[in-house]
Amino acid sequence: MPVGLHEHCITCYSVHCQVPVQISVSCIVVKCRHNCGATFHMCKQEEHHLLCPNETVPCLNVEFGCPFTLVRHRMAKHLEVCPASVVCCSQEWNRWPVSETDVAFYKSLSESPQTEVNLDVALALRDQDLLFRSIKMKNIFPELMVGDSAPQNGSADEPTSSLDYVSFLENDCEKVDGRRMSQDEREALAKSRDVDDIQNYSPWEEIFNKEMEGCKQTVKNLNKNEEKAKQEQESSNRPAETSDSHPSRENTADPTRTYATDLAPWQDGVLQRLSSEVNIAEYNMYMAHNGAMLINFGQLSACTPRERDFVYGNLEPIEVQTIRSFIAPTSYRAKRNYLKDRKVKTNVSVDTADLGVLVEDLPKCDEVSATLLLSLERELRGHLISESAGRDGLYVDIGTQTYNFACAPFQTEATLADVISNQPRGLHVQVEAESVTRRHNRSSSAFSHMCGLFFRRDEYRSHFRNVHCDIQASLSGWFQQRCPLAYLGCAFAQTRFHPAGHRANVKFCQNVSAFVLEPEVPSLLREGGETFSPKTSGAHNLDALSGLPLEILQHLAAYLDSFTLSQLSQVSHLMREVCATLLPERGMVSLKWKKKTYSHGGSSWKCRKKVWEFSSMFSSVEKWNLGCSPPMSDHLKTCSFYQREKHTEPVALPCLGEVRDKRGGIKCKR
């Protein structure tokens with residue numbers, strides 16, 4: 001039985017309960033003191049406080065900073081406008097680097113002083129700054145960092161490549177005193193330890209030793225199977241024969257069997273015995289490790305016809321469930337031309353000195369173009385422009401690419417933005433954004449950008465509709481119109497729409513990285529115009545608004561949107577106090593966390609403070625109207641890129657020529 005409840009009260013739900021009051025059995029029936037209409041036994045009063053709709057409780061987001069306390073039945077309405085119910089906009093889009101075909105247009109944008117007024121250019125510059133700050137130079141050019149040297153090709157402890165092994169066979173095995181080695185000389189050389197630079201081939205010795213042990217174990221298993229099969233056959237054919245003759249038969253067959261099952265690469269007929277005695281997996285493993293020796297010992301031809309590279313004896317269907325569950329057919333044979341190269345390769349170091357040009361005279365690479373090109377290559381193809389790639393189990397193709405930058409070497413933690421901080425600002429990403437793509441993994445993409453702005457829950461709907469659906473999605477030709485000759489370099493653009501009912505224009509504010517509405521203010525009220533100061537106290541000249549009573553200022557500020565309130569709070573201390581009174585109703589609160597490191601090395605995150613602020617949301621726009629901007633044809637009349645071609649001489653058209661008949665005479669003239 002729950003603590004505090006009586007035996008009768010646990011199961012009693014009757015409003016008109018007439019059970020007499022008894023200690024530890026029952027209690028009186030009472031009504032809710034908050035007048036919610038509930039009737040219950042007195043011992044259930046504390047339990048009713050958890051469900052009473054008229055109970056005053058703190059907001060559900062009290063742990064996130066909401067200071068409001070309200071009755072429980074108003075909680076749902078409050079959560080819609082709760083200042084602690086903050087939503088982060090997760091709208092994403094892709095913005096790729098500038099293509100080589102649009103160099104003239106983007107060069108003109110970089111040189112024009114009015115380009116940041118354009119909405120698409122301003123948003124592209126914001127995305128470019130975020131992109132440059134996210135690209136670490138050590139991830140792209142690790143060999144050009146301060147204190148790091150270029151990686152060496154190899155060290156004394158590292159195993160040499162298979163090319164050294166091939167040259168060893170060709171120089172030491174194939175030719176001795178200008179003649180071809182015999183079979184006995186090859187066997188003696190293989191068993192001898194007195195070879196030059198034998199320490200360089202220790203990895204190969206380990207591989208051969210492991211393979212030899214595997215071959216020995218395979219031979220043992222095969223011998224056991226053969227002996228068992230023969231014993232069963234002999235016992236069935238000669239049941240009357242005694243078992244005394246078996247040891248002698250086995251002893252006489254041992255030398256022949258030992259010679260027949262020898263799988264050394266220099267033994268004659270090793271491939272025929274191998275194909276008949278071992279399975280296909282062991283056969284392919286043997287060919288991969290001993291293929292070069294088989295070629296040098298004459299057991300295998302170095303070049304086979306094209307039709308014999310792949311041999312399929314029996315094609316069996318295999319159900320492919322996943323990539324890793326696929327099993328190669330048992331009749332598969334590996335390509336023999338991969339076991340040894342047909343051409344002898346040599347290691348040659350290529351340097352810029354081979355070009356015959358001084359290093360100082362070589363052109364410098366552009367940091368932005370090279371970095372974006374490498375990032376784009378890794379983004380779309382999954383690897384750098386030059387990287388090492390394994391061709392098979394023995395050979396590796398090594399690719400290198402060098403760069404010559406004017407500001408190299410780079411600092412360890414330097415980003416692309418730090419490298420080009422002293423260079424003139426330019427636009428290196430496209431002004432057109434891509435919302436949907438199938439070309440890359442967006443979750444790990446450096447060219448994907450997210451809005452990332454925070455809003456109250458009741459403001460998020462208007463933000464997504466006005467900013468992302470109305471403005472950002474229609475910048476290319478609808479909301480903002482560019483000159484038709486933009487591909488030639490014309491940077492002219494004009495905004496075609498303005499909000500209905502608002503005398504304001506849309507602009508992109510770089511300080512808050514958001515689209516805002518800029519009201520059309522008369523020139524008299526702009527900065528630098530004449531203003532009337534009702535009060536003058538000493539050296540402090542107050543403006544017309546600062547002299548009004550606090551109640552009137554609060555009433556006027558209540559009509560402003562969130563972005564305007566955030567800007568008004570930065571005007572003066574008085575305006576900041578006025579805007580602070582509207583924070584519970586119009587602002588939002590968030591927790592600021594800080595990482596704390598302990599003496600034992602552990603760490604944890606602690607909430608240090610609660611921050612109140614206004615969002616960057618402007619007034620909701622329900623309808624957009626066409627502005628009074630002139631048509632694009634007026635701009636084309638004065639566009640410097642619009643070159644007219646005037647023809648003064650007449651041109652004969654085919655339809656106006658003389659029509660001749662079949663006899664060659666003039667029939668008529670049109």
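## Talking through a predicted model

Colleague: Which residues is asparagine 61 in contact with, leaving aside its neighbours within four places in sequence?

Modeller: Asparagine 61 is in contact with Cys66, Leu79, Cys82, Ala84 and Ser85, once neighbours within four places in sequence are left aside. Keep in mind that this is a predicted model. Asparagine 61 itself sits in the loop between β3 (56-58) and β4 (69-71).

Colleague: Why is asparagine 61 called buried?

Modeller: Its relative accessible area is 16%. Buried means under 20%, so asparagine 61 earns the word with its 16%.

Colleague: And what makes alanine 370 buried?

Modeller: The reasoning runs along the same path. Alanine 370 has a relative accessible area of 11%, and the cut-off is under 20%, so alanine 370 counts as buried. You will find alanine 370 in helix α12 (residues 367-381). Not counting residues up to four places away in sequence, alanine 370 touches Phe141, Tyr403 and Phe405.

Colleague: How far apart are alanine 370 and phenylalanine 405, in sequence and in space?

Modeller: They are 35 residues apart in sequence, and their C-alpha atoms are 9.6 Å apart in space.

Colleague: Now to helix α4. Why is α4 described as largely enclosed by the rest of the structure?

Modeller: Twelve of its 16 residues are buried, so the description fits. Among them are Leu119, Val121, Leu125 and Phe132. Helix α4 covers residues 119-134 and reaches 23 Å from its first C-alpha to its last, close to the 22 Å expected at 1.5 Å a residue.

Colleague: How do you know that the span of helix α14 agrees with what it should be?

Modeller: Helix α14 (residues 457-471) has 15 residues, which should span 21 Å at 1.5 Å a residue. The end C-alpha atoms of α14 are 21 Å apart, so the two values agree. There is also a kink of about 30 degrees in α14, centred on histidine 463. Histidine 463 is one of the buried residues of α14, a list that also includes Glu459, Asn466 and Ile471.

Colleague: Last topic, the strands. What makes β16 and β17 a pair?

Modeller: Six bridges join β16 (residues 504-509) to β17 (residues 514-519). A pair needs at least two bridges, so with six the two strands qualify. The strands run antiparallel, and alanine 504 has proline 519 in β17 as its bridge partner.

Colleague: How many residues lie between β16 and β17 in their hairpin?

Modeller: Four residues lie between them, and serine 513 in the turn has a positive phi of about 55 degrees.

How values were computed. Residues numbered from 1 in each chain as written. Predicted model: local features only at pLDDT ≥ 70, side-chain atom pairs only at ≥ 80, totals over all residues. Heavy atoms only, no water. Expected span 1.5 Å × (residues − 1). Buried < 20%, exposed > 50% of the residue type's maximum accessible area, 1.4 Å probe, protein only. Contact = heavy atoms within 4.5 Å. Bend = angle between axes of the 7 residues up to and from the residue.
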